[in-house]
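User: Please take a close look at a single part of this structure. Choose one that can be followed residue by residue, and then set it against the rest of the chain.

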Amino acid sequence: MKIFLFLLSVMIVQVVSAQHYVNQVFILNEGYFDYTLNQSIEPVTIGTYNPGNQIYSTVDTIQGARFASDLIIDESYFYVAADNMLHKYDKNTYNLLASQQVNGIRNLAIWNDKIIVTRGDYDNTTFLPIFFSSYFQVYNKSDLSFYLELDTTCGPKWATQNLIVDGDNAYVAINNAYEWGNEKGLIGVVDLNTFSYLNEIDLGIHGKNPDNMVLEGDYIYTINNKDWSGLSISKVSLFALGTSTTINLASVPMGCGTSCLRDGKINYQISGDTILYEWNIPTLPNTGTSIGFNTNFYDISYDQINNLLYASSTDYSTFGNINVYDQNNFLVYSFQCGISPGTIVFDVRNTTNIHDIEISDYGKNEIL
């Protein structure tokens, strides 16, 4: 026993504790495309913001893209949907590693070694919808090569947008948003093990045109623009698929992407307004509660690691700005970015802190 205690007295013990932190914040700036002149005035850019030194940097410019629609991070890479292209980057060096043409690409999700893509588009000269034979496609992560698709006979029949992957199922928002007056309000369910189309959930007459989807607990919530005349939120159970509840919130629509899940509540802003609203998920209220602000936002995203809300603003042609607010909705800091910052994504990583603990005096601990 004395020998054991003596060994303890000289032994150095490494205590390893891991915690999450935000290494960088990716900003996908959609730029400014003049559809009258049919030319790009300000290109699509990708920027990163370092929360530590509060420095924003542009890491790539995507020439030729009319706009960009999504950015997601997976392991050491990030993927960008820009106009009709899918791009893969190294998230540390920002080097472009692969590109693939995907006409009508909109939103992205990862499942194992695959990238899931939703699609929908319109002709920028006639502003009429472009119809595809498939609105759900799958690509290989490694080189972005095509893997498979669900065509309109065995998959979604109309334009798709946001999607959520939960386990081995993909939930796809079907809004047909590019065909004015024929908006849809459906959630398609895909079994990713077999890539079979299981069923569609009808959000009802007031649940048309789902713009955003969030997952909270055992439910998916969709924020809907309806027929562009109003705003609603639908609640869909993952266990009782086929059942949904839709709550009307406003007589004017939400701005594109101006909603997020924040600390168990849905924050959203009505199109053209400067007030941010908070909607309490457990109680399903008929209206949101104003939480202040005096800025018209373009995109909002929640940093759950640091309890910060990132909110972008723009005039769509000359400037882009990000405001960062704390949990009490006080402005912490702001920074300039590219034109039309439409997607904000957090690069969350693990850090390992190693503390050397010397055990001496027969069991007394001293942290060095």
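Analyst: The secondary structure of the protein comes to 33 strands and 1 helix. The model is a predicted one, with an average pLDDT of 89 and a score of at least 70 for 89% of the residues. Of the 368 residues in the protein, 50% are buried. The protein exposes about 16,800 Å², and 49% of that area comes from carbon and sulfur atoms. Among contacts with a separation of 6 or more, 45% are between residues 24 or more positions apart.

The part chosen for the close look is the open sheet of 4 strands with the order β10-β11-β14-β15. Its pairing is antiparallel. The edges are taken by β10 (105-111) and β15 (146-151); each has a single partner strand, so one side of each is left without a neighbour in the sheet. Ignoring direction, neighbouring strands here are turned by 20 degrees against each other on average.

Inside this order, β11 (residues 114-119) is joined to β14 (residues 134-140) by 5 bridges, in the antiparallel sense. One facing pair along this seam is V117 with Q137 of β14. In a regular strand, side chains alternate between the two faces of the sheet.

Strand β14 also holds S134. What is the burial state of S134? Its relative accessible area is 0%, and the cut-off for buried is under 20%, so S134 counts as buried. A polar atom of the S134 side chain lies 3.1 Å from the backbone oxygen of F136. Beyond its neighbours within four places in sequence, S134 is in contact with R119, E149, L150, D151 and T152. R119 falls within the span 114-119 of β11, while E149, L150 and D151 fall within the span 146-151 of β15. S134 therefore has contacts in the strands on either side of β14 in the sheet order, β11 and β15.

Earlier in the chain, β7, β8 and β9 are linked by two hairpins. Strand β7 (residues 77-82) pairs with β8 over 6 bridges, in the antiparallel sense, and A82 has M85 as its bridge partner in β8. The hairpin of β7 and β8 has 2 residues between the strands, and D83 in the turn has a positive phi of about 60 degrees. On the other side of the sequence, β8 pairs antiparallel with β9 (residues 96-101) over 5 bridges, with L96 of β9 as the bridge partner of Y89. Here 5 residues lie between the strands, and the turn residue Y94 has a positive phi of about 65 degrees. The shared strand, β8 (residues 85-90), is mostly covered, with 5 of its 6 residues buried.

A second buried residue can be set beside S134: I174, placed in β17 (residues 169-174). I174 has 0% relative accessibility and so counts as buried. Its C-alpha atom is separated by 6.2 Å from that of G185, which is 11 residues away along the chain. Apart from its neighbours within four places in sequence, the contacts of I174 include P156, W158, A159, T160, G185, L186, Y197 and P210.

Another open sheet of 4 antiparallel strands has the order β28-β29-β30-β31. β28 (299-303) and β31 (331-336) form its edges, and as each has a single partner strand, one side of each is without a neighbour in the sheet. The twist averages 20 degrees from one strand to the next. Strand β30 (residues 320-325) runs antiparallel to β31 and is joined to β31 by 5 bridges; V324 stands opposite Y333 of β31.

Two stretches call for caution. Over residues 1-17 the pLDDT stays under 50, and the model has 29 contacts beyond four places in sequence for them. Residues 353-368 also have a pLDDT below 50, with 39 contacts in the model beyond near neighbours in sequence. Where pLDDT is low, predicted coordinates should not be read in detail.

Technical notes. Residues are numbered from 1 along each chain as its sequence is written. This is a predicted model: local features need pLDDT of at least 70, side-chain atom pairs count only at pLDDT 80 or more; totals for chains, interfaces and linings use all residues. Side-chain values use heavy atoms; hydrogens and water are left out. Two strands pair if DSSP finds at least two bridges between them. Axes are lines fitted to C-alpha atoms, for helices over the stretch in contact, and angles run from 0 to 180 degrees between N-to-C directions. Buried means under 20% relative accessible area, exposed over 50%, partly exposed in between (1.4 Å probe, protein chains only). Contact means heavy atoms within 4.5 Å. Accessible areas come from the Shrake-Rupley method with a 1.4 Å probe; for residues, only the protein chains shown count as cover. A polar contact is a pair of N or O atoms within 3.5 Å; within protein, one must be able to donate a hydrogen and the other to accept it, and residues adjacent in sequence count only if both atoms are side-chain atoms. pLDDT is the predictor's confidence in each residue, from 0 to 100.
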